[in-house]
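I opened this notebook page to record what I looked up about charged side chains and a metal site. The entries follow the order in which I consulted the model.

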Amino acid sequence: MLITNASQLLTLAGGPQRGPDLGRLGIIENGAALVRAGRIAAVGTTPELRYAFPDEPGYDAGGMVVMPGFVDPHTHTVFAGDRAFEFEMRLQGKSYLEIMAAGGGIISTVQATRAASLETLKAETRARLRRMLRNGTTTAEVKTGYGLETQAELLQMQAILELDAEGPMELAPTFLGAHAVPARYKDDPAGYTTLVCKEMLPEVLAWWQQRAPGKPLPFVDVFCETGAFDLAQTRRILQTARNLGFPLKVHADEFDNLGGAGLAVELGAASADHLVKTSPAEIEALGKSDTVAVALPCTPFGLAEPHYTPAQAILAAGGVLAIASDLNPGTAWCENMQFALALACRYLRLTPAQAIAAATINAAAAIGRAEQIGSLEPGKQADLLILSVSDHRQLGYRFGGNLVARVMKNGEFIS
Ligand code: NIG
Ligand code: FE
């Protein structure tokens, strides 16, 4: 199929965009893209490709923007229930960490998730994935982390694998057994850390080799935070995971600066995420590393907190900056990357072009898939969006709605 007449075809060609280089959209005016066997076969101007492929069936983009699908590199999409009551408590003055310390927060979603069957979990998650797709997300990272015991965590992992196989949304799985200290270990976080290292990680590895042989291992992530896992515990878990061959991610500096970002760089993690309270020295270290800095602007927005990721400092240091939704029932139930872009423009001071690159090619790098997705280049998956607007700057500028008219995944229009 030849997609023609794109006012702007945003190719995002040339790989992940570091530091001040962020925002290279690779715009082709009056652009066209040739899609064959689920992949991009060629991009160019409409006259060029029409001339080269005269018999190819056409699809007229009608003078609208054509761009890569969004990649959402940080979500907690598999969960049951909701926490609307906590939202109300926060509005009445309780903080997120206070609610968590009182046994609510993540732990309350753990109770709901443990009580749900695989079918219920999949049904609730599938509905969210459908809405994300319609809003333009064609690949999402999804974490476990609402089980906090081996079998419950593996059930969440199974839901992720089955939903990925079902499609059309492509999922990149992450094991987050160290998302919170479960009630049973309330006074013994070191004991739970040992359980994660000695029992859970080896079991996840064995389970994976049996259930998904040949597939790349999932990421292992830790919530390094006051009230969750301290730096030493995070280090133990991530070192153990790395020794077993897992690629790494870290939740770092969402509320307090514990050193998780520095650790992510030291251990060669694929990404360090949140990064609100990150120290200047760690920002420098991130800037010199290949660890992608993933900003989650929906989270401070969702918590009505004033502090956002210091994106300008990360860019000045040369970092690879991505943005994600952080979709989760506690801090940020956002199924729309366009809204994350709108926040990134305002609170991270990104231009629409920078926000688009952060949500496509750099987001793909954050999940180790920059060779397959995140840009429209020959050989890559044909995961693309046709917007209902003709200028890419409408993304970010307009918010609260959906500017995505059509979504293509692996060469098929799915919405
Ligand atoms: O990324 N920070 C830890 N995890 C989520 C919150 C999860 C929850 O509250 O259920 C986050 O913000
Ligand atoms: Fe998170």
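I looked up Glu 266 first and found it partly exposed at 48% relative accessibility (buried means under 20% relative accessible area, exposed over 50%, partly exposed in between, with a 1.4 Å probe and protein chains only). Its salt-bridge partner is Arg 235, at 2.8 Å from N to O (a side-chain nitrogen of Lys or Arg within 4 Å of a carboxyl oxygen of Asp or Glu). The pair links helix H9 (residues 260-266) to helix H8 (residues 231-244), 31 residues apart (helices, H or I, of at least four residues and strands, E, of at least two are DSSP runs, numbered from the N terminus).

I noted that this is a predicted model, in which local features need pLDDT of at least 70, side-chain atom pairs count only at pLDDT 80 or more, and totals for chains, interfaces and linings use all residues. Residues are numbered from 1 along each chain as written, chains are lettered from A and ligands numbered from 1 in written order, and side-chain values use heavy atoms, without hydrogens and water.

I next examined Lys 409 and Glu 170, which form a salt bridge of 2.7 Å, N to O. Both residues are buried.

I then turned to Asp 290, which pairs with Arg 18 at 2.8 Å between the closest N and O atoms. Both lie in loops, so the pair ties together parts 272 residues apart in sequence. Asp 290 is exposed at 64%. I counted 18 salt bridges in the structure.

Lastly, I checked two histidines: His 74 and His 76 are both buried.
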